Amino acid sequence: MRASSRTPLTTRLWAFGVWSVVIFFVLNLLGLIGSVVTSSFATRWLGTWFPAGFTWKWYFAAWDEFQLGDVLWVTFEVVGWVVVISGLLGVPAAYALARREFPGKRFVVLLLLLPLLVPSVTYGIPLATVLYKVGFGGSLVGVILANLVPTVPFVVLVMIPFIEQIDPRIESAARVFGANTFKVFVYVLVPILMPGVLAALLLVLVRTIAMFELTFLVAGPGSQTLVVALYYAVFAAGVRAVQSIDAMAVVYMVTTLIWLIIALRFVNPTQIVARAKRDTSH
Amino acid sequence: MTVGSTKFETLRLEGVKRDFGTFNALRGLDLTIARGEFVALLGPSGCGKTTALNCIAGLLDVTGGRIMLDDTRIDTIRTEERGFGMVFQNYALFPHMTVRRNVGFGLKMRGVPRAEIDRRVEQVIATVRLQGQADKLPGQLSGGQQQRVAIARAIVIEPPLVLMDEPLSNLDAKLRLEMRGEIRRIHQSLGSTTIYVTHDQEEALSLADRIVVLRDGAIRQVGRPDELYAAPAHLDVADFMGYRNRIPGRVTAQDGGRVTISVGETAALIGRPCDGLVDGPAIAMIRPDDLEPTDAAIGIPATVETIEYRGREFHGLARTIANQELHFRSSVSVGRGETIRLGADPARVLIYPGATP
Amino acid sequence: MTVGSTKFETLRLEGVKRDFGTFNALRGLDLTIARGEFVALLGPSGCGKTTALNCIAGLLDVTGGRIMLDDTRIDTIRTEERGFGMVFQNYALFPHMTVRRNVGFGLKMRGVPRAEIDRRVEQVIATVRLQGQADKLPGQLSGGQQQRVAIARAIVIEPPLVLMDEPLSNLDAKLRLEMRGEIRRIHQSLGSTTIYVTHDQEEALSLADRIVVLRDGAIRQVGRPDELYAAPAHLDVADFMGYRNRIPGRVTAQDGGRVTISVGETAALIGRPCDGLVDGPAIAMIRPDDLEPTDAAIGIPATVETIEYRGREFHGLARTIANQELHFRSSVSVGRGETIRLGADPARVLIYPGATP
Amino acid sequence: MTDRGPTLTQRLRARGLDGVTLLVLPCVLAIIALFIYPFLYGLWLSFQPKDGTTMGNYDRFFREPFLYKTIWTTLKISIPVTILNLLLAVPIAFRVRLMKHQRLLTTILVLPITLGTVLVAEGMLFYFGPQGWFSRTVMALGLMDHAPSITHGYWGVFLSLLITGFPFTFLLTLSYVTGIEPALEQAAATLGAGPAARFREIFLPLLLPGLAITFCLSFVQAYSVLPSAILVGDPANTTRVISIAAYQAAFEDYDYSLASAIAMIMGAVQLVVVAAILGARTLVYRGPVAAAKG
Amino acid sequence: ALAKPAAPVTLNIVDVAGNLALTQKAIDNYRKAKPEWVSKITFSKAPAPELPGKLKAQQDADRVDIDMVLTGTDVLSAGVDQKLWQELIPAHAGDLPKLQDVFLEPAWRMQALAQGQGVVVTYYPSGPLIEYAPERVKSVPKNAAELLAWAKANPKRFMYARPANSGPGRTFIMGLPHILGDKDPQDPINGWAKTWDYLRELGETIDNYPAGTTPTMKALGEGSCDMIATTTGWDINPRVLGVVPKSAEIFSLAGFKWVADAHYMCIPKGVKADKVAVLLDLMNHLLSPEQQAYTYDEGYFYPGPAVKGVTLKMAPADSQAAIAEYGRPIYEKLIAETPIELPLPADKLVQAFRRWDEEIGSRKGK
Ligand SMILES: Nc1ncnc2c1ncn2[C@@H]1O[C@H](COP(=O)(O)OP(=O)(O)OP(=O)(O)O)[C@@H](O)[C@H]1O
Ligand SMILES: Nc1ncnc2c1ncn2[C@@H]1O[C@H](COP(=O)(O)OP(=O)(O)OP(=O)(O)O)[C@@H](O)[C@H]1O
Ligand SMILES: [Mg+2]
Ligand SMILES: [Mg+2]
């Protein structure tokens, strides 16, 4: 057979199919987000294509009602610390688990799996009690500690396959040239693992922003995060305008979005190894 | 402070063993290397050369024996504290760093000031002829360029012990010669000790002070290049050292430094007895370069099968009546299919005990 | 059905260009390769050999020109449809498959029956001397063993066109010779066409029907091995082909096939004019093997700096009063520091036009 | 200094215990400190039912279809969603991998991760609701004559999990995919492997460890779905997932003991699935996916 | 008499019932009026269900930082069950007004549910009422049977939310036994036979039960259903907020009785005595008629006040305006003429919810 065109029909069909799915997904996604955003600015929106009028008042109302300024600041602090600490604890542990076979490894893996598997209902209250007992309850530290319980194991599990992907000889080279474990991490592993670390930490960030249960149980008056306010708006008793819930949801989205954009601005989720080689692949 | 950053007097491998599961990659190496020596490790593919280097560098734990640097036991010390330099067979460049940063890595780890790093890196990049490529990533380099980065990275830190694993395998002849010169020059000017794995006998012969021949994870012979070249201690070493013609025979005469063996019906070879040869079946080993057409009656008769022009001379392949291939050299062209007699200078014929069937 | 799986008559590169950003790795290659030919690509590290192979295999898109297989344009066809075999410079073995499965992969893709795959894989594994290693993963192999897997993987599919990128660089001399023989044998028995990248001139000279010399992404010379060896068309090709002594002078006499140049005050060299030399400054190129101590008065005077034993002879380095290094060969040892005169057979001296300053 | 055998450290190292192994310690200690006691307490609590018997809660769970059925309901949602997410993420990641300007698309595809379950739920109620843009468009285009009922049911939860779970799966998959050395694909291509075969023979085996982890984590997330099951589902019936049962026990009946028991069962079910996947993971190749050389 | 604290205290008040909308202004007034008693009051809001857990965690650790909880009956009784609250009456009866005298009669009955561990702060008669869109519902049902008939004739057009998550939903099912004349309206397990049958039959016309009142309001507003269960507050406030068009109308089923609802003030165990004194003082303040007038709000808990003698005239002007526009004159009459019943006690309510979930919500036997 003499093929004359670059890509055969099946491949083009496949690509077309994949792109169609992507476009369909993105369109609906944007419609979905758009609905909420539009609604959050609506005075009244009842059974028409577009609302009757637009207003900022739901945002101002939410801002005042929940003292969102403070809440956002606390949220940023909590999230920042949780991300950093779970990275610092999780990545090295993942490294050890990926590179070494040692007795008791299965046990450690199970230990790390449990916090992800067991719902926080079970351990949330006793955890809060412990934290209150040692005096961290109601404080920022307490909220951060409680959030580490699910995020650290999460980082470990996500990172293990990434580390396994990396050729250990590259680390060997770094050691030969005088890098100790710490420096191997700083100069070699973390930069190469960056996409993985980024992905893991971004997900940690999202999970932390979204972690209602543990945060609520441990938070004090000054350490409430955004999600507590949001959940109140949604689940609390009483009448609440849909628009004000939407406004809270939009604030929540924007908060997370800022982090996402910052993260993707600085780091590309594709691995550098592949990027350098992209020219040679097609 | 790393151990290796101070000068040492000797590096000793004492019964170093390394197993991979049930496979014994190193079966107990004993070797003493003096400071300033240039030692080449030579041996067939898969004999354990890389494994040995890795054990010395600390990338693999030994499973037996120990490695001593003067009186310090180093096999228990972590890699990064040994302070050696190494060129990896697969280069193992850092994929996320430019050439410049790859080369500067070791210096940075040693806390050398920025400005000096820059200066030294620039210099060594010039040494390996990579001036134009300094800002590329390894993935954007050709194979030979990557290999040169690996060399530069190892030598820029001026380590007291340099381990090189086939560092020139991907370079062209001209560059290889240049690099060989540079490696030798750096070795001498730094007074460092070098362990050099190569598959290229010529390279080993011309660079090394001493050559260690490995086979199946064990040392077969250690010696100066000329010793190894002229007098391999065992048949397999000779085989490996380029004695491609392997002619079985039977000892017919012994006379001090010379022994005569009969080959087939009519022919005979005279040569030096090796490896304790006394009597009985024997094998004569001759390099293709030393086997030439001869007029002598005892020359081994063989029919020319191929003849190739190799620069100034011809290399040929002939087949004896015993269906044995012989590689020979000739300064004149001989015709294909012609039957000639081949012989060699007795000083260049090595005769080993043959396998008793 | 792949394009290449049917026999073809010629493979033509027509002005093939490849850029990486602003860097021109290939600057327009024109080359025609006939079916059954064994062509070697030779050139300094980074000259574009791998790039050229990648373009032919379809791993890189050409950025200009086209590649024709008889009348089919193949540079627009996907790699897997070209049906060529390739040995990668960095092996690119599948890390998750055993040696056996790596080697059998191509056959499996071609839908060859299980039993036949097994048979052919076993056979080719024996050819590359890896019998004991067939069930290891690539990560458990030595460098040379991996390289042999890469060769086995490419040849087992018996492709009509085989591309080999420095396939023997990590093998020891003995194995390299064996493998060279196997590659040649397979090439002949399959009647396939082979494009072979090597940095080893000897390999190119002994294996190839035709040699293509590349430099900076352009073809400098194409010719038979003996042509290239004896008469490089350009100064840089000569340089690359092992004419290491490069002696500047000035033409003093011309006489048909011979030209005489004066070197320094007293010395002179006679040789063959090349590359359109007529008059003026010139450069004589001589292989180290051809430069020998001489008694002639016109010999170039130089002081011996090093002298090394290389098997049967000595290789030396001497320095002229113009501070020029000369590599020479000597059948007798000469003392270090001694001043000798060096000369060469006019038939082996090539004289090229020198740079006008 | 007379021994020639391996030292203690070396023997430990041969068993995998060395400085690097110690890196798990901080993490393990943190988990032990923060998690083990509360977890054990929860476990203990689950054996202290209101009726005073030890196994009362578990007994009750497996006796009442209203409770035990939730396991099946949950699996019926979470497993298909997780699988579908992976099935979508992998090909898309493969496409995106080849793009020169992938950052924008990546950002858009990862966008839903920022939405949070509440926004997704609200959005779905709006967008897919009878008066939402989706239904209006569908009807305007004449594809359907009445508004499709997507929300408040199985498909509502399914979609919302798909939307929130996809970016997660995609992000991880994309980064795992791009970690694979392109030369391997090229090698496979020269050996005659077409795109499908390359995927099956090269990428898939190399990706499996990563996909296994991704599967487990997405599954765990989907399995513990609570807000979307309540907000866009039919929490009384088809989407009465096990976490609703636990939630109701804890926060509507204030029966923490039963809630703990349900949570333990929930964890155990997940553990079975995750252990199966991770166990299978040990069977496949795990290791560097760069071109092996040397 | 209450002792003034040595130094002004700070109070941390948590609202799990949306009560602050009604009382925050009044509480702020207290801070302004008595700066020597309180220096600062922080308000937090939390979804109701999780709060007992949080309090329990704090009490187990003996570090309670929540001083007062404003709650509905659900958390109130959960707290009573789990012994989270301090006893207020009789322990502190002397420091509070005489409740039986000041409270409206139904409010006083509601106070009994607190078993002395909380004090009613706001009260309203709630429902059950049915809200509908007059443009789409031409013939308005008058009694339970007609409602069922209408729902059968218009499947999916009648809606009420899952009772456990919805005030109107729970009021609807608690009101039905009175309307249908069930044996024992206070016993959902044995006394509600007609109610369960009715709900089951009604359920056949209902597609799904949203987890919250808001979606039902939205559905009515958007026109995806025509009739929903509601209460006075849920009738007025969503129309103020624009979720439901102003034109929506309500009706009540023949024979209906109000099922009251109230919010309570509770003090968790572990709060120190000096703070308790301030909190009691605050309660006194909140129960005064002037402050109670704030609870008219925008009709969210219409009418709102728990004590006698608080008229709409006393409420702030904007509150009066909202109620004037969206309120319904008929409420005054209905409240005056219809008997007011208490809601189920917490344990019974949980039983009712469970039975509803198992039999109606999951449509067993369908
Ligand atoms: N992706 C890339 N980006 C930029 N430059 C590249 C890239 N790939 C290759 N090059 C450059 O193109 C040139 C040719 O590379 P190529 O790999 O073809 O060399 P080569 O002849 O195979 O050399 P060697 O013998 O060292 O393997 C080199 O200078 C290299 O640096
Ligand atoms: N991880 C491993 N598991 C099992 N066998 C291994 C492993 N690593 C190496 N080997 C085996 O050990 C032997 C020695 O390997 P080594 O890499 O030292 O060879 P080498 O001398 O460097 O060969 P080459 O010249 O081909 O690079 C080889 O036969 C190889 O197959
Ligand atoms: Mg090796
Ligand atoms: Mg190359």
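What follows is a conversation about a predicted model, its contact between chain A and chain D, and its ligand 2.

Colleague: Why is the pairing of Lys49(B) with ligand 2 called a polar contact?

Modeller: A backbone N or O atom of Lys49(B) lies 2.7 Å from an oxygen atom of ligand 2, and since a polar contact needs a pair of N or O atoms within 3.5 Å, the pair therefore qualifies.

Colleague: What makes Cys47(B) and Gln145(C) count as polar contacts of ligand 2 as well?

Modeller: For Cys47(B) a backbone N or O atom is 3.3 Å from an oxygen atom of the ligand, and for Gln145(C) a polar side-chain atom is 2.9 Å from an oxygen atom of ligand 2, so each pair meets the limit of within 3.5 Å. Taken alone, ligand 2 exposes 640 Å², and the protein buries 90% of that.

Colleague: How do you know where ligand 2 lies with respect to the chains?

Modeller: Ligand 2 lies between chains B and C, and the residues that come nearest, of the 20 around the ligand, are Lys49(B), Thr50(B), Thr51(B), Ser142(C) and Gly144(C).

Colleague: What makes up the area buried between chain A and chain D?

Modeller: The two chains bury about 9,300 Å² between them, with 77% of it on carbon and sulfur atoms. Helix H1 (residues 9-40) of chain A gives the most to the side of chain A that touches chain D, with 20 residues.

Colleague: How many salt bridges does the rule find across that interface of chain A and chain D?

Modeller: The rule finds 0 salt bridges there, whereas it finds 5 residue pairs in polar contact.

Definitions and conventions: Residues numbered from 1 in each chain as written. Chains lettered and ligands numbered in written order. Predicted model: local features only at pLDDT ≥ 70, side-chain atom pairs only at ≥ 80, totals over all residues. Heavy atoms only, no water. Buried area = accessible area lost by both parts, 1.4 Å probe. Salt bridge = Lys/Arg side-chain N within 4 Å of Asp/Glu carboxyl O. Polar contact = N/O pair within 3.5 Å; in protein donor to acceptor, adjacent residues only side chain to side chain. Helix = DSSP H or I, 4+ residues; strand = E, 2+ residues; numbered from the N terminus. Near = heavy atom within 4 Å. Areas by Shrake-Rupley, 256 points an atom, 1.4 Å probe, with all protein chains shown as cover.
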